[in-house]
Amino acid sequence: ELMESPEVQEQLKQMVSAHWKNWFDEKIPALNNNTPRQSAKTKDGRELLEALFLQYENFDANKSNKYNPDINDLKKELGLL
């Protein structure tokens, strides 16, 4: 019941939004401990990002979660679209 509360839903939405906003500048082990912004600047980094996005998409396909990232939005922010 708590998770159904509009206040809780709004807090979760804000937390998830903040996470994905900060994600661009966090070191990601799957990107050789580079940030997504750093990785987007090199060919090898872009390949690693694409592999990571595929993992995210496969994970998202198996879960119905409204808090999953919009992969296209992530790619746009990184200049990959």
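## Surface and charge

About 6000 Å² of the chain is exposed, and carbon and sulfur atoms supply 50% of that area. The model is a predicted one. Of the 81 residues in the chain, 27% are buried.

The chain carries 11 positive and 14 negative charges. The mean positions of these two sets lie 7 Å apart.

## Fold and dimensions

The chain contains four helices and zero strands, and its pattern along the sequence reads α-α-α-α. Measured out along the principal axes, the C-alpha trace spans about 45 × 25 × 25 Å.

Among contacts in the chain with a separation of 6 or more, 44% join residues that are 24 or more positions apart.

## Nonpolar core

The largest nonpolar core has 13 residues. Those that touch the most other members are W23, L49, L52, F53, Y56, L74 and L78. Two or more residues come from each of α1, α3 (43-61) and α4 (71-77). The helix that gives the most is α3, with four residues.

L52 is one of the core residues named above. Leaving aside residues up to four places away in sequence, L52 touches W23, I28, A30 and L31. Of these partners, W23 is also among the core members that touch the most others.

## The segment before α1

S5 sits in the segment before α1 (6-23). Is S5 buried or exposed? S5 counts as buried because its relative accessible area is 18%, under the cut-off of 20%.

The side chain of S5 also takes part in a polar contact, at 2.7 Å, with the side chain of E7.

## The loop between α1 and α2

N34 belongs to the loop between α1 and α2 (36-39). With a relative accessible area of 32%, N34 is partly exposed, because this value falls between the limits of 20% and 50%.

Which residues does N34 touch, not counting those up to four places away in sequence? The partners are E26, K27, I28 and S39. I28 is touched by L52 as well. N34 and G45 are eleven residues apart in sequence, and their C-alpha atoms are 8.4 Å apart in space.

Note on methods: Residues numbered from 1 in each chain as written. Predicted model: local features only at pLDDT ≥ 70, side-chain atom pairs only at ≥ 80, totals over all residues. Heavy atoms only, no water. Buried < 20%, exposed > 50% of the residue type's maximum accessible area, 1.4 Å probe, protein only. Polar contact = N/O pair within 3.5 Å; in protein donor to acceptor, adjacent residues only side chain to side chain. Core = buried A, V, L, I, M, F, W, Y, C linked by side-chain atoms within 4.5 Å. Contact = heavy atoms within 4.5 Å. Areas by Shrake-Rupley, 256 points an atom, 1.4 Å probe, with all protein chains shown as cover. Lys, Arg positive; Asp, Glu negative; His and termini not counted. Charge placed at Lys NZ, Arg CZ, Asp CG, Glu CD.
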